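Trainee: Here is a model I have to explain to my group. Can we go through the terms and test each label against its cut-off?

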Amino acid sequence: MKNVYYIHFAILVILLTGCSPKNAILEGKVINASGIPIVYNTTLDGIVLPNRFDTLHLNPDSTFRLILPINDNEKISFFLCGKRALGSVYLAPGSQNVYIDASKSNKLKPIGNFEKENEILRKLTDLNDNVFKLRASIEDVFDISRDTIAASIYQKLTEYASTMEQEITGVDHELTKRATQDIRMHILLAFMNQYFINSNKGSDKNKKEWNDSYVRMLEFVDINQDENVYSSTFADVISNVAAINIFSQDGTYIENENERNQIIFNWYKTNLQGRVQATAMGLLFIEDENSECFATEIPSLYEKYKKLYPNSILLPIVEKAVAKNKTFNEAELPDGINFLNTDSVHAFKDITSLFAGKVIYIDIWATWCGPCRASFADIKPLQTFADSNDVVLLYMSIDSPQKKELWKKMTGYYNLKGQHAIVNEAFKNEVYGLFGDHGYLTIPHYAIINKEGILQFPSAASPKDMDKLIEQLEEASIVTQ
């Protein structure tokens, strides 16, 4: 898993609070992981930070022991890396055991002093799974996917939430409030899913009914409740709320990352409060790092954020994200990277013919593609082989022209030595036809053109499978005539 980050909890807690944390000790065993890593995410002062994980290190017998310094109650969530959520465990000073069956979701078995708390977290994990299945059109336990009446969907979801809230008993007020808001945030996300599908269909009356029900749903949730940041849906929900208010209702779309970030930052400043505002703003910087957008105005927004929240617990994380942004944008382009001008190119062969008589390894990617960026961690052996065997590395980007500057900077950031081209509209359909499936192209995608100029491997091995790739490249280097 790429974009995996580890926050040293002890250092953060000591630096930011100035007091000695107590330890939550978690011991247990993992079964049925099939060699796939287990990763975990721990809340920070009750805040869920998306896409920030550490790997669970297992002993030879698949047991583990975690010592997590905390000052308050937190939540740790486990995931089968790249596959699915496994469930969450309540953290408080003291010890407990947990057994993780990685064969199915939510198969954690905590044993200790927090039985009621962990039962509530199990129910919240089930709710999270149910909302995910609704959004993925897999299953609908809420009975709303075929319902097009906004008021009806509002009633079904709020009744579902109320039923769940009645089951939150026997725990402290803090967890009760956090769990209540987590339920409501999930319900809001479920409503938003149907809102995006149905709100712009039909008459103006239908649109008004959907917007009225949406406002009622926002009132039901109370978007500015501090405890909302405890929900794993917070990042999605808060960005959706901003998008609906700013962009969706009038159909506006702003592709420029700098302009969009500035508009959203200002909307957060005007419409959000307290921990919700501080967290939502902080996530703008964290998302810039996670998605590697590296918008050039991020440092200036950071200065505004720092003035608003000079003591924010998120500040060290935000500072790290901004530092990475600056490094990216200030770096000089290394030698060995050549950009081809495709403005006047009308056919894919116009590019490949530039390297006649050579084997060409093609990597089709885009700056917004996470798996593409992740694959660049495996390119060094390929670069070495290409240098020694006169193989051309041709990186074909399907980014829009507006992303050209980001594209160039990213090639340098990942040290993608080779030839680089952006696919323009003139030969875009040709590329999608050659390497896609009925006009749909999955990236990253790899292909090999042999020395005779023939597309020998329309779907080649990736740099991660270097043994197979070398076989293909060597086969492509054989001249048959």
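**Pairing, packing and bonds**

Mentor: Start with a single pair: Ala 24 has Leu 68 of β4 as its bridge partner. The model is predicted, so local features need pLDDT of at least 70, side-chain atom pairs count only at pLDDT 80 or more, and totals for chains, interfaces and linings use all residues. Residues are numbered from 1 along each chain as its sequence is written, and side-chain values use heavy atoms, with hydrogens and water left out.

Trainee: What pLDDT does the protein average?

Mentor: The average is 90, and 94% of the residues score at least 70. pLDDT is the predictor's confidence in each residue, from 0 to 100. Residues 1-19 stay under 50. For that stretch the model has 46 contacts (heavy atoms within 4.5 Å) beyond four places in sequence. Where pLDDT is low, the predicted coordinates should not be read in detail.

Trainee: How do you know that strand β1 and strand β4 pair?

Mentor: Pairing requires that DSSP finds at least two bridges between two strands. β1 (residues 22-31) and β4 (residues 63-70) have eight, in the antiparallel sense, so they pair. β1 also pairs with strand β7 (residues 94-101), in the parallel sense, over eight bridges. There, Ile 25 stands opposite Ser 95.

Trainee: Why is β3 (54-55) called a strand?

Mentor: Elements are DSSP runs numbered from the N terminus: helices are H or I with at least four residues, strands E with at least two. β3 spans 54-55, so it reaches the strand minimum. β3 pairs with strand β2 (residues 38-42) over two bridges, in the antiparallel sense. Tyr 40 stands opposite Asp 54. In the loop between β2 and β3 lies Asp 45. Asp 45 is not a glycine, yet has a positive phi of about 55 degrees.

Trainee: What makes β3 and β6 edge strands?

Mentor: Each pairs on one side only. The open sheet runs β3-β2-β5-β6, with antiparallel pairing.

Trainee: Which helix lies across β5 (74-80) and β6?

Mentor: α2 (residues 115-135), at about 155 degrees to β6. Angles run from 0 to 180 degrees between N-to-C directions of axes, which are lines fitted to C-alpha atoms, for helices over the stretch in contact. Under 35 degrees counts as roughly parallel, over 145 as roughly antiparallel, 65 to 115 as roughly perpendicular and the rest as oblique. So α2 is roughly antiparallel to β6.

Trainee: Why are α6 and α7 called roughly perpendicular?

Mentor: The axes of α6 (residues 234-246) and α7 (residues 257-271) cross at roughly 100 degrees and come within 10 Å. That angle is in the perpendicular range, hence the label. Among the residues in contact are Ile 238 and Asn 245 of α6, and Trp 267 and Tyr 268 of α7. By class there are eight nonpolar (Ala, Val, Leu, Ile, Met, Phe, Trp, Tyr, Cys, Pro), two polar (the others, Gly among them) and no charged residues (Asp, Glu, Lys, Arg).

Trainee: What is the pairing in the sheet of six strands?

Mentor: Mixed, in the order β9-β12-β11-β10-β13-β14. The twist averages 30 degrees from one strand to the next. β9 (337-339) and strand β12 (residues 418-422) run parallel, joined by three bridges. Phe 339 stands opposite His 420. Helix α15 (residues 425-435) runs at about 105 degrees to β10, so they are roughly perpendicular. The loop between α15 and β13 holds Pro 444. A cis peptide bond joins Ile 443 and Pro 444, with omega about 5 degrees.

Trainee: How do you know that Cys 369 and Cys 372 form a disulfide?

Mentor: The S to S distance is 2.4 Å, and the limit for two cysteine sulfur atoms is within 2.5 Å, so they qualify. The torsion about the S-S bond is about 80 degrees, so the disulfide is right-handed. A search of the whole structure finds one disulfide.
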